[in-house]
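Got your viewer open and a selection box ready? Here's a short walk through a structure, stop by stop.

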Amino acid sequence: MSDASSAAGGEQGQSSLFGEGELPTGQAVTAQPKAAGAGEPRLLRAQRDQVELRPYELDALLAPEHPARSVWAFVQALDLAPLYAAIKSVRGGAGAPATDPAILVALWLWAHIDGVGSAREVARLCERDDAYRWICGGVGMNHHSLSDMRTQHTAWLDAQLTRSMAALMERKLVTLNVVAHDGMRVRAAAKAASMRRKERLQRLHELAQAQLQALKAELHEDAGASSRRKQAAQERAAREREQRLAQALATIDKIERLRPPKKDKKDKKAKGRDHDGPPPPGANATAPAPKPEPEPRVSTTDPEARVMKMADGGFRPAFNAQFVVDAPTQLIAAVGVTNSGSDMGQMVPMHQQLVQRYGHVPEHWLADGGFTKLQATQALHAQGTQAVVPPPSSRNPAIDPFAPKDSDSAALAQWRGLMGSDDGKALYRQRGATVECANAQLRRRGLQQFNVRGLLKAQAVLLWHALAHNLMRMRSLGIAFAAS
């Protein structure tokens, strides 16, 4: 090729690469006519319908130090025998093979570490995320099996928490001599708009019963198989709604029975006043009448949830989650869930739970001022545990809350003296660096709102979070997972 033709070809290539007015600055190229016989440009185009065979090894997807491998090692140290015993599909019998419970347990532990709380989302991640795919090991997953595993084995989860902590106590890695206790309000799977009074609940329950009966009648009359399946799903949903409304009505009746009896309006007696006599001197005859007590309301979505004051100052349906951690290691030793919005009555039940789990009485029990109750402090002292909680303060600045009072028992006087000393203050400072840190980790991993309903299922979710938290703490502390 001559120099002239090469130059012409180069100029033509520049003209085809850059549109008119898009040439680099300082380069002037004269447009050349298209060569005779030139066809369409030869391109490598995307072909997305072709089949590819890519050999790979699942075990090579994760790095050797990936946390998901620690999850699998932790699961192998658990007692899975009760889960295997519940499987009805056995060799030589009918039925499809069941998914290995170890896979389901590992998936949920990793999901709680990963901050995923939805069974459907976990099932989707099992198809596209390497860590979830590695745990599955080629076994297909569906959200129904995941949902059942998460909420139907509360007793087994509770036993595994006890078993794992007891194994650490046997190895002298955990002492439970100094424990810290705290509570957190976790939003329930119900909105504030679902709270209804008794009269409204009764009307909704009647409508739900009528709808349920109508759907049952349609289900028996319909001859189409597909229509019957659709009607059966609708009937099941209506039945579950009717059951929730019936439970809500039973709950509101229970609340009304526990409320103090209303005062008789005909009774005109008041403090310092006879039935027909004039008010005493200095009394305010025009004092406003007391405000009527509001009628109780119960959620139609989750009847066991209660409206509580949240950390941001708002009021929403929620549950009160309780955690007790070993102060030196921040490992969770006991969990509980209640629908009481106050922490004041939770110290004694959680202390009893801890002693029952491990047969060990802690020396010191750290809790914040929300748990302060003189009867609870004295009850723990009777069991051999010193409560490290701040004494109630007084509005009178002249009253020293740490000084023993005339009405105090010897145990309460000792407690006030401890909280006023440097040793007591040093002990109390451990609370914020232990249980508060554990609660922050749980919040970070998604414990913001329950997506299950009822106290029992909420307890199961808390146990999953506790086991996942302990797993990661043991990994951070370099504690090996060993079967006991």
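## Stop 1: a salt bridge between two helices

Select Asp158 to begin: with 24% relative accessibility, Asp158 counts as partly exposed. One thing to keep in mind while you click around is that this is a predicted model.

Now add Arg357 to the selection. Asp158 and Arg357 form a salt bridge, and their closest N and O atoms are 2.4 Å apart. Asp158 sits in helix H8 while Arg357 belongs to helix H11 (residues 347-358), so the pair ties together parts that are 199 residues apart in sequence. Is Arg357 buried or exposed? Arg357 is buried, since its relative accessible area is 14%, and buried means under 20%.

## Stop 2: salt bridges within helices

Side chains of opposite charge can pair when their charged atoms come close. By the rule used here, the count of salt bridges comes to 11, so there are others to visit after Asp158 and Arg357.

Go to helix H5 (residues 119-128) and pick Arg124 and Glu121; they are 3 residues apart, which means about one helical turn separates them. Their side chains meet in a salt bridge, 3.0 Å from N to O. Check the surface around each partner: Arg124 is partly exposed at 41% relative accessibility, and Glu121 is partly exposed too, with a relative accessible area of 23%. Before moving on, add Arg128, because Glu121, Arg124 and Arg128 are linked in a network of salt bridges.

Next, select Asp130 and Arg133. Both are in helix H6 (residues 130-136), with their positions 3 residues apart, about one turn of the helix. Here the side chains meet in a salt bridge at 3.3 Å, N to O. Asp130 has a relative accessible area of 32%, so it is partly exposed.

## Stop 3: the second largest pocket

Which residues should you select to find the centre of the second largest pocket? First, its volume: about 570 Å³ of space lies in the second largest pocket. The lining has 15 residues, and the closest to the pocket's centre are Ser147, Thr151, Asn451, Val452 and Lys457.

Colour by helix and you'll see where part of this lining comes from. H5, the helix with the Arg124 and Glu121 pair, and helix H7 (143-151) each supply at least two lining residues. H7 gives the largest share, with 6 residues. Switch to colouring by residue class, and the lining splits into 8 polar, 5 charged and 2 nonpolar residues.

## Stop 4: the largest cavity

How many cavities of 30 Å³ or more are there? By the rule used here the count is 1. The largest cavity holds about 110 Å³ of space.

Select Phe74, Ala77, Ser164, Ala167 and Ala482: these lie nearest the centre of the largest cavity, out of 12 residues that line it. Helix H8 (residues 154-170) contributes the largest share of this lining, 4 residues. That takes you back to the helix of Asp158 from the opening stop. By class, the cavity lining has 8 nonpolar, 2 polar and 2 charged residues.

## Last stop: Ser70

Finish in helix H2 (residues 67-76), where you'll find Ser70. Show its contacts, leaving out residues up to four places away in sequence, and Ser70 touches Leu471, Arg475 and Phe481. Ser70 counts as buried, because its relative accessibility is 14%.

Notes
Residues numbered from 1 in each chain as written. Predicted model: local features only at pLDDT ≥ 70, side-chain atom pairs only at ≥ 80, totals over all residues. Heavy atoms only, no water. Buried < 20%, exposed > 50% of the residue type's maximum accessible area, 1.4 Å probe, protein only. Contact = heavy atoms within 4.5 Å. 1 Å grid on protein atoms, 1.4 Å probe; cavity = no way out; pocket = protein on both sides within 12 Å on 5 of 7 lines; lining within 4 Å. Points joined across faces, edges and corners; volume = space filled by probe spheres on them. Nonpolar A, V, L, I, M, F, W, Y, C, P; charged D, E, K, R; others polar. Salt bridge = Lys/Arg side-chain N within 4 Å of Asp/Glu carboxyl O.
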